[in-house]
Amino acid sequence: MPTTVLNMSRPLGHSELLQRYVQIRDFSRRLAAPLTPEDCGIQSMADASPTRWHLAHTTWFFETFVLKSSAGYRPLDARYEAMFNSYYNTVGQQFPRERRGQISRPGLTETLDYRAYVDRCMMDCFSAEAFSESQLACIELGLNHEQQHQELILTDIKHVLFGNPLFPAYGLPADENTATRCGDDVLRPLDWSSSAGGIVDIGWDRIDGFAFDNESPRHQALIPPFRIATRCVTNGEYMEFIDDSGYQRSEFWLSMGWNQVQLAGWEGPLYWIRQDGQWLQFTLAGLLPLDPAEPVCHVSYFEADAFARWAGKRLPTEFEWESEAVKSLQANPLIRGSPVRFADQILACQNTLHPQVERVGDSPTMLGNVWQWTSSQYGAYPGYQAAAGALGEYNGKFMCNQFVLRGGSCATSSSHIRAAYRNFFPPEARWQFSGLRLAW
């Protein structure tokens, strides 16, 4: 497999990759376990997909790019090739994305049977150590691809449940899992980290075991001196923007953003509901009072940019963000473990999958909690070249009309994030756990 598709500092062997395969595939099933079959079939908008489709598509990936190149493999159902193909034109026909919710069959049971069938075939090849080096590399890509869809399972089902007037909980209902609201004495004060800037190395450093192709080639970037906030913007700070008529004052908004506000009738972040003069927030635990100390999330790039202008600051570039993230990880290499900010850690604590308050005493970190919008448009690094073939479509063809987000969120697994990781969405998107960190 060309290195432009997959970056790895050290290829994983059969036994190590088998362990990761079992863990990650099982985690997808764990995420779907609280849902009913009816939940798993709903598509609430064109940008989201049913849970059942995510479970099938990630299975399709291993079948299409790994097993079909193995001798003697026979698909469970050849029709699945087109049904669960997402956007790979090189593979062939795809079922229209916006109509995935219209697929009632295969049902959830049949979808899980499909996963089990492919898993058994994968296990047979693992046991016989029958995978080639290129297949092993593709499996590693497929596992990271599945972790991306695990995030989408959570963000998409949250959008589905929000559309239900009962506001049902994905996990523990709100009255059994209501977090203690935090006062100002618990929230870490907003401070600024200063950087002298200069010429810095950007991109995958070949130390992390895996990186996507859009994180390379590593290159140098010139960054002027800057300051960046030591924590993300909170709900309380964002409420000040709303109370100051932020959504009614065009001077803070980009033209396209202002048009979106008018067209969609935005008055606050997605999942905020004003009731009896107070703000409530829909979470995966149901409808809860808004905690001013929590990081604001489910805001679009347009909203993040408008808030920054209102605050007299700006969004960081992705190069500023990455240089500061590398610095914080060097200062505290155990930052992934404490405080708890990632999906696997949060579920292990039986807590709600929701951004956590950045508390006094917590080690400062740039990673986790909410994806952070940057001012950088998503494009290729100098020297980037998409690989030939279907897997070359993974990232390269989306480098247009998107903005870069960094850092991961409470829906991201801790093993799936690094300082160089580049997420990307169009500027109006806000159903992801997206927030912001200020710079100037």
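**Exercise 1. A proline in a loop**

In which loop does Pro-106 lie? Work out the peptide bond before Pro-106 as well.

*Solution.* A quick reminder before starting: this is a predicted model.
- Step 1: place the residue. Pro-106 sits in the loop that joins helix 3 and helix 4.
- Step 2: check omega. Going from Arg-105 to Pro-106, omega is near 5°, and the peptide bond is cis.
- Step 3: look for another case. The bond from Ser-216 to Pro-217 is also cis, with omega near -5°. Pro-217 belongs to the loop between strand 4 (210-212) and strand 5 (219-223).
- Step 4: put that in context. Most peptide bonds are trans.

**Exercise 2. Positive phi**

Find where Phe-167 and Ser-245 lie, and say whether each is buried, partly exposed or exposed.

*Solution.*
- Step 1: recall the usual sign. Most residues other than glycine have a negative phi.
- Step 2: take Phe-167. Its phi is positive, about 50°, although Phe-167 is not a glycine. You'll find Phe-167 in the loop between helix 5 and helix 6 (174-177). With a relative accessible area of 24%, Phe-167 is partly exposed.
- Step 3: do likewise for Ser-245. Here phi is near 60°, again positive in a residue other than glycine. Ser-245 is in the loop between helix 7 (235-243) and helix 8 (255-264). Its relative accessibility is 32%, so Ser-245 counts as partly exposed.

**Exercise 3. Empty space, closed and open**

Describe the largest cavity and the largest pocket, with their linings.

*Solution.*
- Step 1: count the cavities. There are two of 30 Å³ or more, and the largest holds about 60 Å³ of space.
- Step 2: list the lining. Pro-50, Arg-52, Trp-53, Phe-84, Arg-100, Ile-103 and Pro-106 line the largest cavity. Sorted by class, that's five nonpolar, no polar and two charged residues.
- Step 3: zoom in on two of the lining residues. Arg-100 lies over the face of Trp-53, 3.6 Å from the ring centre.
- Step 4: move on to the largest pocket, whose volume is about 860 Å³. Its lining has 32 residues, and Tyr-87, Arg-97, Leu-152, Phe-424 and Phe-425 lie nearest the centre. Helix 2, helix 5 and strand 12 (423-425) are the elements that each give two or more residues to this lining.
- Step 5: find the main contributor. Helix 5 gives the most, with six residues. By class, the pocket lining splits into twelve nonpolar, 13 polar and seven charged residues.

**Exercise 4. Aromatic pairs**

How many aromatic pairs are there, and which parts of the chain does the pair Tyr-21 and Phe-126 link?

*Solution.*
- Step 1: get the total. The count comes to 43 aromatic pairs.
- Step 2: work through one of them. Tyr-21 and Phe-126 are 5.8 Å apart, centre to centre, with 55° between the planes, and this pair is tilted. Tyr-21 is in helix 1 (residues 14-32) and Phe-126 in helix 4 (residues 108-127), so distant parts of the chain are linked, 105 residues apart.
- Step 3: check burial. Tyr-21 has a relative accessibility of 1% and so counts as buried; Phe-126 is buried too, at 4%.
- Step 4: try another pair. Tyr-73 and Tyr-117 are also tilted, at 6.3 Å centre to centre and 50° between the planes. This pair spans 44 residues, from the loop between helix 2 (51-65) and helix 3 (80-83), home of Tyr-73, to helix 4, home of Tyr-117.
- Step 5: widen the view. Ring pairs join a cluster of residues, including Tyr-21, Trp-60, Phe-65, Tyr-88, Phe-126 and Phe-424.

**Exercise 5. Cysteines without partners**

Why does Cys-121 form no disulfide with Cys-125?

*Solution.*
- Step 1: recall the bond. A disulfide is a covalent bond between the sulfur atoms of two cysteines.
- Step 2: search everything. The whole structure has zero disulfides.
- Step 3: compare the distance with the cut-off. A disulfide needs sulfur atoms within 2.5 Å. The closest cysteine sulfur to that of Cys-121 is in Cys-125, 7.3 Å away, and that is too far for a bond.
- Step 4: repeat for Cys-138. Its closest cysteine sulfur is in Cys-125 as well, 13 Å away and too far for a bond.
- Step 5: add the surroundings. Cys-121 is buried, with a relative accessible area of 16%, and Cys-138 is buried at 2%.

How values were computed: Residues are numbered from 1 along each chain as its sequence is written. This is a predicted model: local features need pLDDT of at least 70, side-chain atom pairs count only at pLDDT 80 or more; totals for chains, interfaces and linings use all residues. Side-chain values use heavy atoms; hydrogens and water are left out. On a 1 Å grid over the protein atoms alone, a cavity is a set of points where a 1.4 Å probe fits but cannot get out, and a pocket is an open set with protein on both sides within 12 Å along at least five of seven lines; lining residues have an atom within 4 Å of a point. Grid points are joined across faces, edges and corners, and a volume is the space filled by probe spheres set on the points. Ala, Val, Leu, Ile, Met, Phe, Trp, Tyr, Cys and Pro count as nonpolar, Asp, Glu, Lys and Arg as charged, and the others, Gly among them, as polar. Rings of Phe, Tyr and Trp (its six-membered ring) pair if their centres lie within 6.5 Å; planes under 30 degrees apart count as stacked, over 60 as edge-to-face and the rest as tilted. Helices (H or I, at least four residues) and strands (E, at least two) are DSSP runs, numbered from the N terminus. Buried means under 20% relative accessible area, exposed over 50%, partly exposed in between (1.4 Å probe, protein chains only). A charge sits over a ring if NZ of Lys or CZ of Arg is within 6 Å of the ring centre and within 35 degrees of the ring normal.
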